[in-house]
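Work through the exercises below with the sequence and the model open. Each task is followed by a solution in steps.

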Amino acid sequence: MRIDILTLLPELLDGPFSASILKRAQDKGLVEIKMHNIRDYSTDKHKNVDDYQYGGGAGMVMSIEPIVALIEKLQKERTYDELIYMTPDGKVLEQNVCNELSLKKNLIILCGHYKGIDERIREHLITKEISIGSYVLSGGELAAAVLTDALVRLIPGVLNNETSALTDSFQDNLLSPPVYTRPPEFRGWKVPEVLLSGNFPEIEKWREKKAFERTVQRRPDLLDE
Ligand code: 6GU
């Protein structure tokens with residue numbers, strides 16, 4: 001998979017992509033993540049990338065020209081499956097969308113800033129608009145990092161068996177059951193007996209029951225889906 005991230009603040013994304021699973025996936029050649037600074041595509045002599053909004057009002061709008069210049073440059077090099085715009089008024093990200101997107105070959109992720117991007121980019125170029133929840137971030141970069149992480153870990157070969165994404169919370173619309181490790185008792189706090197029993201059908205039954213109970217208590221909305 002190849003992911004091109006279009007941003008005004010590439011340095012915000014250096015951290016998340018240079019450690020742990022996202023780094024390993026890139027080192028293994030399973031994903032190529034490229035950052036592009038929109039400012040490099042500004043056509044004006046002051047390297048401006050934003051402007052006042054038509055009709056007046058507070059807040060700047062990201063201009064159409066640099067973004068389109070960058071997108072068209074990338075589209076000359078390869079065909080993109082989706083052109084994603086990270087925005088608080090997009091569709092809230094859920095696991096099923098991550099599953100779908102993880103099967104794609106080439107993605108563009110555009111990070112918004114200020115009041116947002118000129119609406120004509122959304123009308124004519126963007127194919128998917130994604131939010132990561134009902135709150136506002138200073139920009140789309142951290143949301144793009146969240147989306148990228150959620151996708152890349154699903155690419156076959158990125159996770160090993162022990163960390164397989166198939167047993168993640170949400171994959172079956174259930175939260176994950178509680179987990180424990182040694183010691184079996186700490187300050188009198190005991191690990192549930194069944195987990196120490198070696199009786200794997202019973203352990204599996206217990207985990208299913210706990211996953212269901214947890215989902216009922218914490219996320220009953222998942223069970224309606
Ligand atoms: Cl994608 N962008 C911004 N700026 N804020 C958000 C968001 C995205 N998702 C939730 N809040």
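The model is predicted. Begin with Glu141, which touches Thr7, Leu8, Leu9, Leu12, Leu13, Cys111, Gly112 and His113 when residues up to four places away in sequence are not counted.

**Exercise 1. Determine where Glu141 lies, whether Glu141 is buried or exposed, and which side chain makes a polar contact with the side chain of Glu141.**

Step 1. Locate the residue: Glu141 is part of helix α6.

Step 2. Classify its accessibility. The relative accessibility of Glu141 is 1%, and the cut-off for buried is under 20%, so Glu141 counts as buried.

Step 3. Look for a polar partner. The side chains of Glu141 and Thr7 are joined by a polar contact of 2.5 Å. Thr7 is also among the residues that Glu141 touches.

**Exercise 2. Describe the surroundings of His113 and give the C-alpha separation between His113 and Glu141.**

Step 1. Place His113 in the loop between β6 and α5.

Step 2. Apply the accessibility cut-off. His113 has a relative accessible area of 13% and is therefore buried.

Step 3. List the contacts. Leaving out residues up to four places away in sequence, His113 touches Leu8, Leu9, Met62, Ser138, Gly139 and Glu141.

Step 4. Take the C-alpha distances. His113 and Glu141 are 28 residues apart along the chain, and their C-alpha atoms are separated by 8.9 Å. For His113 and Gly29, 84 residues apart in sequence, the C-alpha to C-alpha distance is 30 Å.

**Exercise 3. Find which side chain makes a polar contact with that of His36, and state whether His36 is buried or exposed.**

Step 1. Assign the element: His36 belongs to strand β2, residues 32–37.

Step 2. Check accessibility. A relative accessible area of 10% is under the 20% cut-off, so His36 is buried.

Step 3. Identify the partner. The side chain of Asp4 makes a polar contact of 2.7 Å with the side chain of His36.

Step 4. Complete the environment. Not counting residues up to four places away in sequence, His36 touches Arg2, Asp4, Ile5, Leu6, Thr7, Leu70 and Leu74.

**Exercise 4. Characterise the shell around the ligand by residue, element and class.**

Step 1. List the residues. Met86, Thr87, Pro88, Ile130, Ser131, Ile132, Gly133, Tyr135, Val136, Leu137, Gly139 and Ala143 surround the ligand.

Step 2. Assign them to elements. At least two shell residues come from each of β5 (82–92) and β7 (128–131). The largest share, three residues, is supplied by β5.

Step 3. Sort by class: the shell has eight nonpolar residues, four polar ones and no charged ones.

Step 4. Examine nitrogen atoms of the ligand. One lies 2.5 Å from a polar backbone atom of Tyr135. A 3.0 Å distance is found between a ligand nitrogen and a polar backbone atom of Leu137. For Ser131, a polar side-chain atom lies 3.4 Å from a nitrogen atom of the ligand.

Step 5. Evaluate burial. The ligand taken alone exposes 290 Å², of which the protein buries 96%.

**Exercise 5. Find the aromatic pair and classify its geometry and the accessibility of its members.**

Step 1. Count the pairs: the structure holds one. The pair is formed by Phe186 and Trp189.

Step 2. Use the two values that describe such a pair. The centres are 5.5 Å apart and the planes are at 65 degrees. The cut-off for edge-to-face is over 60 degrees, so the pair is edge-to-face.

Step 3. Compare with the accessibility cut-offs. Phe186, at 41%, is partly exposed, whereas Trp189, at 58%, is exposed.

**Exercise 6. Examine the backbone at Arg187, Tyr114 and the bond from Arg182 to Pro183.**

Step 1. Recall the usual case: most residues other than glycine have a negative phi, and most peptide bonds are trans.

Step 2. Inspect Arg187. Its phi is positive, near 50 degrees. Arg187 sits in the loop between β8 (185–186) and β9 (189–190) and is exposed, at 66% relative accessible area.

Step 3. Inspect Tyr114. Phi is about 55 degrees, again positive in a residue that is not a glycine. Tyr114 lies in the loop between β6 (106–111) and α5 (119–124) and is partly exposed, at 42%.

Step 4. Inspect the peptide bond. From Arg182 to Pro183 the bond is cis, with omega near 5 degrees. Pro183 is in the loop between α6 (141–152) and β8.

Terms used. Residues numbered from 1 in each chain as written. Predicted model: local features only at pLDDT ≥ 70, side-chain atom pairs only at ≥ 80, totals over all residues. Heavy atoms only, no water. Helix = DSSP H or I, 4+ residues; strand = E, 2+ residues; numbered from the N terminus. Buried < 20%, exposed > 50% of the residue type's maximum accessible area, 1.4 Å probe, protein only. Polar contact = N/O pair within 3.5 Å; in protein donor to acceptor, adjacent residues only side chain to side chain. Contact = heavy atoms within 4.5 Å. Phe/Tyr/Trp six-rings, centres within 6.5 Å; stacked < 30°, edge-to-face > 60°. Near = heavy atom within 4 Å. Areas by Shrake-Rupley, 256 points an atom, 1.4 Å probe, with all protein chains shown as cover. Nonpolar A, V, L, I, M, F, W, Y, C, P; charged D, E, K, R; others polar.
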